[in-house]
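The following exercises are to be worked through with the sequence and the model in view. Each task is followed by a solution in steps.

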Amino acid sequence: TFEPAIELAGNLSLSEKRPMKNESVKQDSELLTENFYRESCPSAERIIRSSIRVMYDAKPGIAPSLVRLLFHDCFIGGCDASVLLDTDKAFASEKEAPPNLSLKGFDVLETIKSKLENVCPGVVSCADILALAARESVQLTGGPRFLVKTGRRDRTTALKDAAGRELPAPQANLSVVLRSFASKGFTARETVALLGAHSIGITHCEFFEDRLYNFSGTGKPDPELNPVLLQELKTKCPFSASISPPSATTGSTPSLDDKTYTAVPLKSMVIDLSFNNEGGQADFGIRYYRGLMQKKGVMFADQQLMAKDETARWVRAYAHDSQRFRKDFAKAMTKLTNLQILTAPLGEVRKQCSKVLNTF
Ligand code: HEM
Ligand SMILES: [Ca+2]
């Protein structure tokens, strides 16, 4: 199943940028065990599960936020809680990297961490808490349950520059997205499945506003955006100057087809990605893929899944076969949680998720 990744990696240097078959990807999952804390902290998984449930009942938005947080952690340096660290004397926080400015859910993890520190101090890593919390979140929002092994350790530094470079932007085209996921060992099929996570949660207008008013500098909307959805999104996201923000340093206007995040303050307006999911929990995934078939992807990167047959056929397959999607999504999520993990003696177990153990 790795063939498409090899093709897609194309001009990348395989030895540098892509985990080789049977090397890091497979070994990583073998380093972890099921219920690693069975003896050292038997109540850990139960505490995480019940805490997430209670907090989700009070504030359902935490679930999508934690799923996204897991993606942004695992994609950069592996699932090592690097994204949870605050800026320190020794490093700048990943939270300051442009793709991470809108991440949420840190407080939820800190609350769970402090509960676990009361029960078994110094035992359960923040990386494992995030992976397990995201697993519960997927299930609570109607997605499939997937295997999460444990035993990850926390990284002792943050990787801000890598986060800025390696997380795809919402304006990225399909080649960029596929290359980016291939560099982490994912096939085109797995990439399509993972993006099904956009069945839930919210997105801020700034991440797709160019598609409504000035697509690629044309002054017109994106032709690949459904006209009914276009009207709806325009009312929710009225035209504003923020789609071509003046650069803070030069006062000039960056070009609109500059496919990068711009570090402007987030606009407060958001739209619900889960309108894809309005049919209720049983629809996790399905409505997202059906929407793409009707040009109703909200972000450009979403709609791009229809741009090549290689991915469009998986969109169609998942739109029609919920069981197949759920199986593929579960497998891809397990793979995501196994990326490049640190196990003892590497890394450490933090006491607070936002701080490394020894700050001098
Ligand atoms: C091409 C790849 C991807 C891009 C460009 C992308 C981009 C984005 C953007 C811009 C947002 C809106 C954030 C905001 O406005 O606060 C978002 C939300 C979200 N993303 Fe992605 N994403 C990608 C892949 C993924 C993957 C692989 C997952 C998980 C497996 C994921 C899970 C989520 C979730 C759950 C939300 C909702 C967050 C919330 O409600 O707080 N995304 N994504
Ligand atoms: Ca990480």
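**Exercise 1. A helix and its end.** Determine how far helix α7 reaches, and how much of α7 is covered.

Solution. Helices (H or I, at least four residues) and strands (E, at least two) are DSSP runs, numbered from the N terminus. Helix α7 covers residues 126-140, which is 15 residues. The expected span of a helix is 1.5 Å times one less than its number of residues. For α7 this gives 21 Å, and the distance from its first C-alpha to its last is close to that, at 21 Å. A residue is buried if 20 or more other C-beta atoms lie within 10 Å of its own, exposed if 12 or fewer, and partly exposed in between, with C-beta atoms placed from the backbone. By this rule 13 of the 15 residues of α7 are buried, so the helix is mostly covered. Just after α7, Gly142 has a positive phi of about 100 degrees.

**Exercise 2. Reliability and overall make-up.** State what kind of model this is, and where its pLDDT is below 50.

Solution. This is a predicted model, in which local features need pLDDT of at least 70 and side-chain atom pairs count only at pLDDT 80 or more, while totals for chains, interfaces and linings use all residues. Residues are numbered from 1 along each chain as its sequence is written, and chains are lettered from A and ligands numbered from 1 in the order in which they are written. The pLDDT is the predictor's confidence in each residue, from 0 to 100. Its mean over the protein is 86, and 81% of the residues reach 70 or more. The value is below 50 over residues 1-26, a stretch with 32 contacts in the model beyond near neighbours in sequence. It is also below 50 over residues 245-266, where there are 29 such contacts. Two residues are in contact if their C-beta atoms, placed from the backbone, lie within 7 Å. Where pLDDT is low, the predicted coordinates should not be read in detail. The model scores ipTM 0.99 and pTM 0.87. The protein has 16 helices and 2 strands, and 42% of its 360 residues are buried.

**Exercise 3. The surroundings of ligand 1.** Identify the residues that come nearest to ligand 1, and describe the shell around ligand 1.

Solution. A residue is near a molecule if its C-beta atom, placed from the backbone, lies within 6 Å of it. There are 24 residues around ligand 1, and Pro64, Ser102, Ala197, Gly201 and His204 come nearest. Two or more residues of the shell come from each of α5 (62-75), α10 (188-195) and β1 (202-204). The largest share, 5 residues, is that of α5. Ala, Val, Leu, Ile, Met, Phe, Trp, Tyr, Cys and Pro count as nonpolar, Asp, Glu, Lys and Arg as charged, and the others, Gly among them, as polar. On that basis the shell has 16 nonpolar, 6 polar and 2 charged residues. Domain 1 (14-166) and domain 2 (174-332) each give at least three residues to the shell; the domain bounds come from an automatic or database domain assignment.

**Exercise 4. Gly77 and Gln340.** Is Gly77 buried or exposed, and which residues is Gly77 in contact with?

Solution. Gly77 lies in the loop between α5 and α6 (106-119). Gly77 counts as buried because it has 22 C-beta neighbours inside 10 Å. Apart from neighbours within four places in sequence, its contacts are Ser82, Arg155, Leu159, Ala162 and Gln340. Gln340 belongs to the segment after α16 and counts as partly exposed, because it has 18 C-beta neighbours inside 10 Å.

**Exercise 5. Backbone exceptions.** Which residues are joined by a cis peptide bond, and what is the phi of Asn35 and of Gln340?

Solution. Most residues other than glycine have a negative phi, and most peptide bonds are trans. A cis peptide bond, with omega about 5 degrees, joins Ala344 and Pro345. Pro345 is in the segment after α16 (322-337). The phi of Asn35 is positive, near 50 degrees, and Asn35 lies in the loop between α3 (24-31) and α4 (44-58). The phi of Gln340 is also positive, near 40 degrees.
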